Amino acid sequence: MNVIDHVRDMATAGLHSNVRILSSLLLTMSNNNPELFSPAQKYQLLVYHADSIFHDKEYRNAACKYSMALQQKKVLSKTSKVRTSTGGAASNIQAQSLPSEIEVKYKIAECYTILKLDKDAIAVLDGIPSRQRTPKINMMLANLYRKAGQERSAVTSYKEVLRQCPLALDAIIGLLSLSVKGAEVASMTVDVIQSIPNLDWLSVWIKAYAFIHAGDNQRAINTICSLEKKSLLRDNVDLLVSLADVYFRAGDTKNAILKFEQAQMLDPYLIKGMDVYGYLMAREGHLEDVEVLGGRLFNISDQHAEPWVISGCHSFYSKRYSRALYLGAKAIQLNSNSVQALLLKGAALRNMGRVQEAIIHFREAMRLAPCRLDCYEGLIDCYLASNGIREAMGMANNIYKTLGANAQTLTILATVCLEDPVTQEKAKTLLDKALAQRPDYTKAVVKKAELLSREQKYEEGIALLRNALANQSDCVLHRMLGDFLVAVNDYQEAMDQYSIALSLDPNDQKSLEGMQKMEKEESPTDATVELDGDDMEGSGEDGDLEGSDSEAAQWADQEQWFGMQ
């Protein structure tokens with residue numbers, strides 16, 4: 001047993017720090033005396049040394065050392081051909097025991113991917129002949145192609161993964177996300193479903209994800225529910241998270257939160273999907289719960305985007321936009337495909353008045369998740385904020401035509417129509433259609449109430465809001481009902497509605513303003529003094545809440561917040 005065998009055994013045993021020290025010393029000896037080790041032994045040493053560096057997360061250095069190993073392999077290949085021609089059987093046996101050249105190339109691509117050098121990673125993997133590509137190489141290539149917008153190549157690579165591994169479910173999701181028909185994908189798994197017992201659920205699972213990626217939320221919900229009710233798949237965390245996400249996409253916040261909570265109870269270490277859950281909780285005003293959730297996820301892992309997004313949502317809904325911007329940027333740094341991180345950063349930029357930068361982030365989110373309406377809503381908000389009504393109308397019409405006339409698309413189009421006096425009547429018709437489909441859809445109720453307020457149809461607005469609140473409790477709806485009640489001089493119930501709104505979201509400034517306005521009307525003299533004091537206090541708070549670029553820089557410099565010590 002020679003020294004190279006000892007290095008190999010330590011590498012196999014996972015003694016990476018030991019391998020790194022010894023291989024470094026042996027490579028130096030080899031450089032000073034080239035005759036000390038054979039070309040094959042030097043190749044082995046370089047690969048084991050690169051592996052140990054990769055384990056230490058020094059990816060640029062590891063890529064360099066792996067490349068040196070490949071150069072050494074070329075030297076080895078030339079000498080092996082000479083030995084083979086002279087009938088050296090021992091050299092063939094030795095070549096078979098050497099680290100795989102294909103595996104080394106995969107490791108280089110892995111380094112480049114981590115370093116976000118996707119083009120270099122694709123170039124390395126493209127250099128591997130198709131017949132020699134393993135399933136994991138095809139999977140990495142497919143993901144890289146999809147990220148680069150090379151959809152046809154991505155589809156080919158995903159299909160190759162399924163040809164070799166027909167139960168590769170993430171590859172199935174990849175194909176469905178690229179608009180490959182569910183029936184075609186299912187046909188690639190028929191043989192394995194028929195040959196293995198208890199896999200009859202797989203065809204239904206494929207159908208569910210096909211509906212998700214086609215934007216057919218209701219059919220996706222129905223299909224996943226039918227799967228989840230089956231005894232063998234009941235309480236599956238992945239299915240529950242997918243169901244929660246589809247409820248969220250469909251605008252059903254109540255059921256989305258319910259399913260996220262159910263999944264979290266089953267798996268306390270769950271990270272996937274928790275960014276959406278945190279966002280929904282923050283939007284509903286449960287900021288204390290969001291803070292606890294963010295802290296808990298940081299304790300699980302600070303190397304995922306989700307805890308940063310959750311903490312960013314807490315900052316955003318606390319009106320700490322600079323901090324939200326920093327946290328969103330940190331999340332994107334960890335996962336450039338995090339749609340929720342892009343939306344968080346885009347929203348923070350928009351509220352800081354940096355609309356053009358916000359548009360870039362919403363567009364990227366839209367590219368990654370073309371069936372998520374909140375990506376389009378963010379972009380439309382930016383257009384409206386910059387008086388781009390024509391662009392907003394074009395976008396809203398495109399969503400309406402692409403995804404069909406459902407409550408959400410009708411409400412989005414109505415929202416844009418409300419911005420132009422000429423299209424106010426059209427907005428009313430669209431909202432009526434939306435509410436006919438889903439009387440409980442909060443965004444449609446809010447927009448219809450805004451329209452009725454403009455038309456001073458207060459009694460009609462009160463009836464609309466009471467009807468909506470009969471089956472749900474929402475801060476905005478309670479506050480708007482309070483505003484309508486003030487308009488008809490029903491001050492006592494208006495005060496009750498503002499109180500309920502504040503109990504749901506203590507940070508709802510508009511409800512506070514509504515209460516203060518009522519107090520001012522009831523006691524003009526006292527309220528004047530109190531209002532002056534409030535105005536002075538509020539002016540100081542606004543400066544703090546809005547944040548500044550210098551605050552963002554401070555957070556960037558001091559990476560010690562939320563577990564970054």
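Here are some exercises with worked solutions on a predicted model of a protein chain.

**Exercise 1. Get an overview of the chain.**
Work out which secondary structure the chain has and what share of its residues is buried.

*Solution.*
- Start with the secondary structure: the tally for the protein chain is 33 helices and zero strands.
- Next, look at burial. Of the 565 residues, 47% are buried.
- Then take the contacts with a separation of 6 or more: residues 24 or more positions apart account for 52% of them.
- Finish with the outside. The accessible surface is about 28,200 Å², and carbon and sulfur atoms contribute 51% of that.

**Exercise 2. Describe helix H20.**
Find how far helix H20 reaches from its first C-alpha to its last, and how many of its residues are buried.

*Solution.*
- H20 covers residues 321–334, which is 14 residues.
- From first C-alpha to last, H20 reaches 20 Å, close to the 20 Å expected at 1.5 Å a residue.
- For burial, the cut-off is under 20% relative accessible area. Eleven of the 14 residues of H20 are buried, so the helix is largely enclosed by the rest of the structure.
- Want names? The buried set includes Tyr 321, Arg 323, Tyr 326 and Lys 330, along with small residues such as Gly 328 and Ala 331.

**Exercise 3. Sort two aromatic pairs by geometry.**
Classify the pairs Tyr 279 with Tyr 317 and Tyr 458 with Phe 484, then place each ring in its helix.

*Solution.*
- The structure has nine aromatic pairs.
- Tyr 279 and Tyr 317 sit 6.5 Å apart, centre to centre, with 50° between the planes, and the pair is tilted.
- Now locate those two rings. Tyr 279 is in helix H17 (residues 274–283) and Tyr 317 is in helix H19 (residues 305–317), so their pairing ties together parts that are 38 residues apart in sequence.
- Check exposure: Tyr 279 is buried at 16% relative accessibility, while Tyr 317 is partly exposed at 26%.
- Turn to Tyr 458 and Phe 484. Their centres are 6.0 Å apart and their planes meet at 70°; planes over 60 degrees apart count as edge-to-face, so this pair is edge-to-face.
- Tyr 458 belongs to helix H28 (residues 458–469) and Phe 484 to helix H29 (residues 475–487), 26 residues apart, so this pair too links distant parts of the chain.
- Tyr 458 is partly exposed at 25%, whereas Phe 484 is buried at 3%.
- One last step: Tyr 279 and Tyr 317 also belong to an aromatic cluster with Phe 248, Phe 316 and Tyr 321.

**Exercise 4. Look for charges over rings.**
Say which ring faces Lys 107 and Lys 136 lie over.

*Solution.*
- Lys 107 is over the face of Phe 54, 4.2 Å from the ring centre.
- Lys 136 is over the face of Tyr 106, 4.4 Å from the ring centre.

**Exercise 5. Compare salt bridges.**
For Glu 101 with Lys 105 and Lys 443 with Glu 377, find where the partners lie in the chain.

*Solution.*
- The total is 24 salt bridges.
- In the bridge between Glu 101 and Lys 105, the closest N and O atoms are 4.0 Å apart.
- Both residues are in helix H6 (residues 101–114); being four residues apart, Glu 101 and Lys 105 are separated by about one helical turn.
- That spacing fits the general rule: an α-helix has 3.6 residues a turn, so residues three or four places apart point the same way.
- Glu 101 is partly exposed at 30%, but Lys 105 is buried at 18%.
- Lys 443 and Glu 377 meet at 2.9 Å, N to O. Lys 443 is in helix H27 (residues 442–454) and Glu 377 in helix H23 (residues 373–385), so this bridge ties together parts that are 66 residues apart in sequence.
- Lys 443 is partly exposed at 35%, and Glu 377 is buried at 19%.
- Two extras: Arg 438 and Asp 440 form a salt bridge at 3.9 Å, and Asp 5, Arg 8 and Asp 9 are linked in a network.

**Exercise 6. Map the surroundings of Gln 264.**
Decide whether Gln 264 is buried or exposed, and list what it touches beyond its neighbours within four places in sequence.

*Solution.*
- Gln 264 is part of helix H16 (residues 253–266).
- With a relative accessible area of 15%, Gln 264 is buried.
- Setting aside neighbours within four places, Gln 264 contacts Leu 270, Met 274, Tyr 277, Leu 293 and Arg 296.

Technical notes
Residues numbered from 1 in each chain as written. Predicted model: local features only at pLDDT ≥ 70, side-chain atom pairs only at ≥ 80, totals over all residues. Heavy atoms only, no water. Helix = DSSP H or I, 4+ residues; strand = E, 2+ residues; numbered from the N terminus. Expected span 1.5 Å × (residues − 1). Buried < 20%, exposed > 50% of the residue type's maximum accessible area, 1.4 Å probe, protein only. Phe/Tyr/Trp six-rings, centres within 6.5 Å; stacked < 30°, edge-to-face > 60°. Lys NZ or Arg CZ within 6 Å of the ring centre and 35° of its normal. Contact = heavy atoms within 4.5 Å. Areas by Shrake-Rupley, 256 points an atom, 1.4 Å probe, with all protein chains shown as cover. Salt bridge = Lys/Arg side-chain N within 4 Å of Asp/Glu carboxyl O.
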